[in-house]
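Trainee: Got a minute? I'd like to go through this model with you, starting with the strands and then the empty space inside.

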Amino acid sequence: MKLAIVGAGPRGLLILERLIAWQQNHYPLTSVDITLYDPFPIGGRVWVTDQPHELIMNTASQQITLFYDNSVETNGPLAPGPSLAEWAQRYAVDYIQTIDVPHAQSFIDEAKHLGPNDYASRPLYGIYIQWVYEELLRRKSANVSVDFVQTPVDSIERHGDKYTVTTNAGSSVVDFAVMALGNIENTPTRDQLNLMEYAQANHRLYMQPGFPGEGDLSGLTKDDTVVLRGLGLSFFDFMARLTQGRGGTFTENDDQTLTYHATGKEPKIVAGSRRGMPYRAKGRNQKGPGEEWQPHFLTDSQIKRFKASGHITGQDFWTLLQHEVEYIYYTLLIEADYPDVPLDQFQLDFLADPDNSLAQYPIKQEDRLDWSYLANPAGDDVTDFTAFFVDYLKTDAVEAEKGSKTGPLTSALEVLRDMRDPIRQIVENELLADDQYLDFFLRWFNPLNDFLSIGPPAIRIQQLQALVKAGIVTLLPPGMTVTGDHGFFDTSSTTQPDQVYHGTALIEARVPAVNAPTARNPLLQQLLTDKYASLYELQLQTEKRFQSGAIAVDRQTNQLLDPSGHMQRGLYLWGVPTEGVHWLTTASPRPYVNDVSLKTADTMVENMWQEFGDRV
């Protein structure tokens with residue numbers, strides 16, 4: 001059996017791991033030839049080991065793995081291995097000493113001190129991925145060959161029941177081709193082209209959506225004002241590059257806030273977004289491996305009832321998810337602040353009638369969970385936004401430090417992360433009507449969920465607060481606007497339009513959108529042009545069809561679907577380009593939670609072996 005894996009990031013290695021494990025345990029007499037393709041080294045573009053060391057992950061090190069444990073419900077063999085945290089303590093130092101990596105000693109020092117609840121640097125995770133690759137080569141059978149070709153794939157074409165994979169180095173014929181792809185840059189929009197032309201004409205820097213570890217910022221000086229458009233995870237990366245990356249440091253104060261010590265090399269930073277709020281801090285992790293809040297409303301039995309009826313409304317889904325969050329919030333709030341309230345009785349009453357039970361208990365109004373505030377902390381009454389942001393960021397960091405099992409609000413928002421599986425089941429089983437999936441889920445719920453639950457470690461919020469206080473960073477009120485005027489990138493907000501900042505550089509602080517038609521990827525464009533692939537569409541009630549930017553795949557096997565909806569046997573695509581068909585495709589594999597990425601890779605490889613058996 002011959003296979004091509006396009007993409008050498010975490011997904012590509014999961015496919016490789018499954019192929020090796022299945023062959024070794026179920027098909028030991030079958031020879032397997034695997035070629036792994038990527039223009040970047042093992043680990044892929046996001047996890048290159050020469051990116052700035054100040055860029056960190058937003059998942060605790062003990063919650064990241066590329067190996068299969070006994071929690072994974074799979075037909076394939078289990079093949080355990082260390083999580084990122086375990087690897088750092090057991091294997092990292094010896095391994096780093098054997099490889100050629102820039103600043104090796106800094107990675108050795110990091111690994112030695114990386115605790116299970118610490119956040120690794122991105123390049124250290126890249127080194128872990130490289131170690132995993134070498135470990136897989138050690139594990140494979142003698143009749144399995146693995147080659148890594150560091151070049152992009154230009155095309156994949158069918159010839160009979162096989163595929164020809166073509167690169168600039170030549171071509172090869174395979175039985176199966178798997179594309180394990182991440183974010184892909186897009187051709188510029190009209191607005192972005194206008195900004196690029198404006199920047200060039202005025203000798204300014206403009207960076208379109210891309211990868212925050214990349215891009216030359218060395219030309220920016222203390223005399224520049226850098227406009228960062230976007231307050232998600234990429235914003236914090238650029239913030240770090242322009243401060244810590246310039247040698248700036250932070251020290252802790254007695255009140256557990258930070259003070260920033262500038263080097264004089266930092267530009268001024270003005271940042272904003274439509275919402276106007278940076279993503280909420282991720283709570284200090286108190287959970288052990290595999291520990292999650294369990295559902296009480298979006299239970300397996302409830303999901304089965306939704307499947308039987310064939311649908312759920314967006315509002316019903318959101319109400320149940322709110323109840324999940326509220327149940328944990330009030331449970332921990334009562335434990336901490338209301339000793340006279342009988343917790344067991346409250347829990348029973350809330351489970352029986354979550355809409356009305358709260359009124360029976362003496363919980364102060366200011367302690368009630370306020371969803372309007374969570375979604376829009378700035379509200380409509382703030383006038384001094386700088387003071388508001390300093391207080392808000394301090395409160396956010398304090399709440400995050402209360403922990404993911406003891407802090408009422410932090411633990412409650414952690415529920416959104418722990419409910420990913422039931423949420424994903426609603427998406428995968430298409431239980432929302434297409435109109436609701438588009439308007440409610442993709443356009444309304446997804447941004448709110450990202451804002452509340454996939455934010456940076458609390459240290460980033462503390463650093464941001466310190467940078468605002470130091471005058472390095474200015475956060476705009478909600479409703480950010482940017483225009484080119486008189487050689488500058490003028491930015492303000494619809495909330496306070498008279499306060500205008502004159503930027504000398506504009507950086508789109510967000511990763512590229514999922515939009516296959518404009519993706520700068522010759523392989524995707526060839527697959528679409530030659531009709532091996534098609535775009536995922538929604539049938540709206542207006543009788544119009546909404547064409548998303550996602551690539552259509554079979555939800556169970558991830559095989560490509562052509563424009564007629566026919567499954568392309570032997571041709572698979574898994575990853576970010578399918579976002580919309582699948583949900584939250586950027587999440588890292590997590591140990592001991594029956595992780596969806598681990599299950600997906602196993603299902604795909606099992607399907608390949610079955611197809612191969614059918615052919616022979």
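Mentor: Sure. One definition before we start: strands here are DSSP runs of E with at least two residues, numbered from the N terminus, and two strands pair if DSSP finds at least two bridges between them. Keep in mind that this is a predicted model.

Trainee: Okay, in the hairpin of strand 4 and strand 5, which residue takes a positive phi?

Mentor: That's Gly-160, with a phi near 70 degrees. The hairpin has two residues between the strands.

Trainee: And how do strand 4 and strand 5 pair?

Mentor: In the antiparallel sense, over six bridges. As an example of who faces whom, Val-153 stands opposite Thr-167 in strand 5.

Trainee: What joins strand 5 to strand 6?

Mentor: Another hairpin, through two residues. Strand 5, residues 162-167, pairs with strand 6 in the antiparallel sense over five bridges. There, Thr-164 stands opposite Val-173 in strand 6.

Trainee: So what's the strand order in that sheet?

Mentor: It's 4-5-6, an open sheet of three strands with antiparallel pairing. Strand 4 (153-159) and strand 6 (170-174) are the edge strands, each pairing on one side only. From one strand to the next, the twist averages 20 degrees.

Trainee: Switching topic: how many cavities of 30 Å³ or more are there?

Mentor: Four. The largest cavity holds about 120 Å³ of space. It has 15 lining residues, and the closest to its centre are Ala-281, Lys-282, Gly-283, Leu-413 and Leu-452.

Trainee: Which elements give two or more residues to that lining?

Mentor: Helix 12 (385-401), helix 13 (408-418) and helix 15 (434-453). Helix 13 provides the largest share, with four residues.

Trainee: What's the mix by class in the lining of the largest cavity?

Mentor: Six nonpolar, four polar and five charged residues.

Trainee: And how much space lies in the second largest cavity?

Mentor: About 80 Å³. It is lined by 14 residues, and Ile-184, Ala-513, Val-514, Asn-515 and Pro-577 are the closest to its centre.

Trainee: How does the lining of the second largest cavity divide by class?

Mentor: Nine of its residues are nonpolar and five are polar, with no charged ones. For the largest cavity, remember, the lining has five charged residues.

Note on methods: Residues numbered from 1 in each chain as written. Predicted model: local features only at pLDDT ≥ 70, side-chain atom pairs only at ≥ 80, totals over all residues. Heavy atoms only, no water. 1 Å grid on protein atoms, 1.4 Å probe; cavity = no way out; pocket = protein on both sides within 12 Å on 5 of 7 lines; lining within 4 Å. Points joined across faces, edges and corners; volume = space filled by probe spheres on them. Nonpolar A, V, L, I, M, F, W, Y, C, P; charged D, E, K, R; others polar. Axes fitted to C-alpha atoms, helices over the stretch in contact; angles between N-to-C directions.
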